[in-house]
Amino acid sequence: MAIDYLERIPNNVDIADNRRLKRALEAWQPHYLDWWNETGPQAWQDKEIYLRTAVSVDANGWANFGYVRMPEYRWGIFLAEQAKDRRIAFGIHKGEEAWQEVPGEYRAVLRRLIVTQGDTEPASVEQQRHLGATCPSLYDLRNLFQVNVEEGRHLWAMVYLLHAHFGRDGREEADALLERRSGDADHPRILGAFNEKTPDWLSFFMFTFFTDRDGKYQLASLAESAFDPLARSCRFMLTEEAHHMFVGETGVGRTIERSCQLMNEHDTADIREYGGIPLDLIQKYLNFHFSVSLDLFGAEVSTNAANYYTMGLKGRFQEERIDDDHMLEDATYPVIAVEDGRIVTRHEPALTAINERLRDDYVADCQKGVDRWNRIIRNHGIDFELKLPHRAFNRAIGAFSGIHVTPAGDVLSEDEWQARRDEFLPTDEERAYVNSLMVPVTEPGKFAGWIAPPRRGINNKPIDFEYVKL
Ligand code: BYC
Ligand code: FE
Ligand code: FE
């Protein structure tokens, strides 16, 4: 598929042939830039950053590296190649041709799914706005900005769908996506985790590991959608998502590595004196980000999720690889729940357990990353193991929102929780300590004392490459 490089908005969706759509997007673009300048990365906007830009969806085009100033980044609209004769893989429309247009009866619900997805993208940019001021290295600064511009592109991806397929309602929703603000009391972002703060780089790395990974699973289930333009948008977004999770996994991993080095060097677990982040404090950050990200999957038992599935709007992770009838009329699925103050397993209709199933896939994926972190600790000869907390821990959405549970899964009374909360989650004092380590390091090849350098640079460049031109 040819890409029109001369267009103001790079795309592979033939915008030039649709004058109404082109005008709508060109009218939205300046508002997008206003939003970017107002809430995107603070400072650094006039600096040249070594970034990848997607100029097409094929292997050669999606990762073009070069120096660019962020406001001049070419946020494009790219859908993965259209599969020939694609059929709907699940739900009551199974076997029918995938839809190129939105069926009238599913318009409202599809719009809502697209808006919810779209809302998270700018939210994360807003949450990460201040981090540039305390970057641990130019390498990390560049990675932050790479994630930020691509989340901006993900917003474009959803706004394209709204403009191209939802008429005036879609245009209004696209405008509203630029009006809500993360953490704003009156106009918050839609989902909880996207109104939390990302105050320091350990939080940023945890966020890109845990919360961007929710993105991976939500996008993967929307990539199964019968609405083909949505499926293709999400498929292409997933190729970019891998780097965000890489930033998170290696960022936390390098923090752990540095902590282990300091522990061995000074023969103590309390490495605060030496400017490291103790492993038990890393565990508390992990507890927070994992639990907040679990909430993003919705309630364990959800008729909304069942309806999305039955209608063919949102599938399961890798739907086509699952060996069953893809209708789930009689199937059941194990779901944990609270009964008389105890946590029990129940067998729910698989259809209403769709959210929980996706959460299970997500938890297994998180565990693999945690295993790799634990390998770093073991390789330093240190006896400590990071653990994902129990899934009922610190939840605000779903069956566990009304109870308190330890990371090990023991139910606590309100008083016990109040008394013990600080054992499980970072305290203000601990957050202040982590914050105190966040001093900017901007000399190429140098790294802040709390984090180890990466194994290699970006795009085969050396670690001391000038990733950001100061
Ligand atoms: N916060 O039936 P339920 C990403 C609401 S991340 C607040 O279980 P359902 C990214 C819910 O709306 C991926 N409210 O919900 C990562 C419902 O309201 P109503 C984002 C919540 O419908 C990093 C009610 O509670 N993508 O891309 O199954 C950086 C009942 O719940 C929350 C998506 O989310 C919550 N956490 O919703 C950048 C995909 N959870 O109907 C980007 C699109 C639930 O009672 N969204 N509620 O008024 C969806 O698929 C679904 O809307 C949800 C689950 C997964 C959110
Ligand atoms: Fe995204
Ligand atoms: Fe992401």
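Me: When do two strands count as paired, and over how many bridges do strand 1 and strand 2 pair in this predicted model?
Reply: Two strands pair if DSSP finds at least two bridges between them. In this predicted model, strand 1 and strand 2 meet that condition in the antiparallel sense. One position in this pairing is Thr53, which stands opposite Asn64 in strand 2. The number of bridges between strand 1 and strand 2 is six.

Me: Which are the edge strands of the open sheet of three strands?
Reply: The sheet is open, its pairing is antiparallel, and its strands follow the order 2-1-7. An edge strand here pairs on one side only. The edge strands are therefore strand 2 (64–69) and strand 7 (468–469).

Me: At what angle to strand 1 does helix 3 run?
Reply: Helix 3 spans residues 138–165 and lies across strand 1 and strand 7. Its angle to strand 1 is about 50°.

Me: Which residue is the bridge partner of Glu339 in strand 4?
Reply: Strand 3 and strand 4 run antiparallel and are joined by eight bridges. The hairpin they form has two residues between the strands. In strand 4, Glu339 has as its bridge partner Arg342.

Me: Is Asp340 buried or exposed?
Reply: Asp340 lies in the loop between strand 3 (332–339) and strand 4 (342–349), and its phi is positive, about 50°, although the residue is not a glycine. A residue counts as exposed if 12 or fewer other C-beta atoms lie within 10 Å of its own. Because Asp340 has 5 such neighbours, it is classed as exposed.

Me: Is Trp44 buried, exposed or partly exposed?
Reply: Trp44 is placed in the loop between helix 1 (19–39) and strand 1 (48–53). Its phi is near 65°, a positive value in a residue other than glycine. The class of buried residues begins at 20 other C-beta atoms within 10 Å, and that of exposed residues ends at 12. Since Trp44 has 19, it is partly exposed.

Me: Is Val13 buried or exposed?
Reply: Val13 is in the segment before helix 1. Not counting residues up to four places away in sequence, Val13 touches Ile77, Leu79 and Tyr160. Because 21 other C-beta atoms lie within 10 Å of that of Val13, the residue is buried.

Me: What distance separates the C-alpha atoms of Val13 and Glu38?
Reply: Val13 and Glu38 are 25 residues apart along the chain. Their C-alpha atoms are separated by 29 Å.

Me: Which helix gives the largest share of the largest nonpolar core?
Reply: The largest nonpolar core has 111 residues, and Ile114, Val159, Tyr160, Met206 and Phe227 have the most contacts inside it. Leaving aside neighbours within four places in sequence, Val159 is in contact with Trp28, Gly118, Ala174 and Leu177. The largest share of the core is 16 residues, and it comes from helix 3.

Me: Which element gives the most to the shell around ligand 1?
Reply: Ligand 1 is surrounded by 25 residues, the closest being Gly215, Gly298, Ala299, Ser302 and Asn304. Two or more residues of the shell come from each of helix 2 (107–127), helix 5 (201–222) and helix 8 (303–311). With six residues, the element that gives the most is helix 2.

Me: How many residues of the shell around ligand 1 are polar?
Reply: The shell divides into three classes, in which seven residues are nonpolar and six are charged. Glycine is counted in the polar class. The number of polar residues is 12.

Methods. Residues are numbered from 1 along each chain as its sequence is written. Chains are lettered from A and ligands numbered from 1 in the order in which they are written. This is a predicted model: local features need pLDDT of at least 70, side-chain atom pairs count only at pLDDT 80 or more; totals for chains, interfaces and linings use all residues. Helices (H or I, at least four residues) and strands (E, at least two) are DSSP runs, numbered from the N terminus. Two residues are in contact if their C-beta atoms, placed from the backbone, lie within 7 Å. Axes are lines fitted to C-alpha atoms, for helices over the stretch in contact, and angles run from 0 to 180 degrees between N-to-C directions. A residue is near a molecule or strand if its C-beta atom, placed from the backbone, lies within 6 Å of it. A nonpolar core is a set of buried Ala, Val, Leu, Ile, Met, Phe, Trp, Tyr and Cys residues joined through C-beta atoms within 7 Å.
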